[in-house]
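Thanks for asking me to look this one over. My notes follow as numbered points, so that you can check each of them against the coordinates.

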Amino acid sequence: MRKCLLALTAAAALAAGCDNKSTRPSPLADEAAADTTAASDAVTDSTLYGICGDGSAMNTLQLITDEGDTVVLSIADANDTGQCYGSFQSGDRMAVILKDASTAAQVVNMTVLTGDWLSSSSSSSSSQSGIRLKADGQAENIGTGPVAYRSWRLLNGQLEIESASDGKTEVGLYDIVAIGPDSLVFKDDARRFEFSRK
């Protein structure tokens, strides 16, 4: 369903863009942004999504998948390699990358990931800025900043965030470093982003 919504949103944006070609400030920038988005959308997401079940324990995740199946996964390997992000409890929305049919390579608690996050680079309470990650995949700015956040999703174990700056759309793909009740850290090849819960 989420993929359908993203596809419909992308189609609507492309259709709207085609109707307004004469008012575009920079066709080359728009084409580059469209190519980046299209390339990202073309990647198949191998993530298994679902809800944490009552049968979960420290090294076991019972997952009721979006397809309605109930699977029990060992998360011992993910724990050992530091690939469990956000503790979990029954009812939490989860994203899992599988190592094999019964073993998780990475576990992300999407319930803990969503919410309001303030950038650690904000110097004072009057100039706080950050990002709001909504459960429906939309993203928004908190405070002011040069970048306007639009959407987010998990893609093959990485955090993808779409934003706009100076009329250009950018899709960033980040490695998750930490997700906790009060902290969120992710990075790319050049930068590290640290946030605290608002």
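**Notes on the predicted model**

E140 is partly exposed, at a relative accessible area of 28%. Please keep in mind throughout that this is a predicted model.

1. **The partner of E140.** The side chain of E140 forms a salt bridge with that of R132, at 3.0 Å from N to O. R132 is likewise classed as partly exposed, with 23% relative accessibility. The pair belongs to a network of salt bridges that links D116, R132, K134 and E140. As general background, side chains of opposite charge can pair when their charged atoms come close.

2. **A link between two strands.** Which residue does E162 meet in a salt bridge? The partner is R150, with a distance of 3.8 Å from N to O. E162 sits in strand β11 (residues 158–165) and R150 in strand β10 (residues 148–155), so this salt bridge ties together parts that are twelve residues apart in sequence. R150 is partly exposed, at 38% relative accessibility.

3. **D188 and R191.** Here the side chains meet in a salt bridge of 2.7 Å, N to O. R191 is partly exposed, with a relative accessibility of 41%. For the model as a whole, the count of salt bridges is nine.

4. **Strand β14 and its partners.** Strand β14 (residues 192–197) runs antiparallel to strand β7 (residues 115–119), and three bridges join them. β14 also runs antiparallel to strand β13 (residues 183–187), this time with five bridges. β13 and β14 make up a hairpin, with four residues between the two strands. F195 is a good place to look in the viewer: this β14 residue is the bridge partner of S119 and also the bridge partner of L184.

5. **Cysteines.** How many disulfides does the model have? The count is zero. For context, a disulfide is a covalent bond between the sulfur atoms of two cysteines. Two cysteines are worth a look for their surroundings: C52 is buried, at a relative accessible area of 2%, whereas C84 is partly exposed, at 23%.

6. **G91 beside C52.** G91 is in the loop between β4 (84–85) and β5 (93–100). Where the chain is concerned, G91 and C52 are 39 residues apart, yet their C-alpha atoms are separated by 5.3 Å. Setting aside residues up to four places away in sequence, G91 touches I51 and C52. G91 is partly exposed, with a relative accessible area of 48%, while C52 is buried.

7. **T47 in its loop.** Is T47 buried or exposed? T47 counts as buried, because its relative accessibility is 11% and the cut-off for buried is under 20%. This residue is placed in the loop between α2 (27–42) and β1 (48–52). The T47 side chain makes a polar contact of 2.6 Å with the side chain of D45, and it also reaches the backbone nitrogen of N156 at 3.5 Å. Leaving out neighbours within four places in sequence, T47 is in contact with A95, V96, I97, L155, N156 and G157.

Conventions. Residues are numbered from 1 along each chain as its sequence is written. This is a predicted model: local features need pLDDT of at least 70, side-chain atom pairs count only at pLDDT 80 or more; totals for chains, interfaces and linings use all residues. Side-chain values use heavy atoms; hydrogens and water are left out. Two strands pair if DSSP finds at least two bridges between them. A disulfide is a pair of cysteine sulfur atoms within 2.5 Å. Buried means under 20% relative accessible area, exposed over 50%, partly exposed in between (1.4 Å probe, protein chains only). A salt bridge is a side-chain nitrogen of Lys or Arg within 4 Å of a carboxyl oxygen of Asp or Glu. A polar contact is a pair of N or O atoms within 3.5 Å; within protein, one must be able to donate a hydrogen and the other to accept it, and residues adjacent in sequence count only if both atoms are side-chain atoms. Contact means heavy atoms within 4.5 Å.
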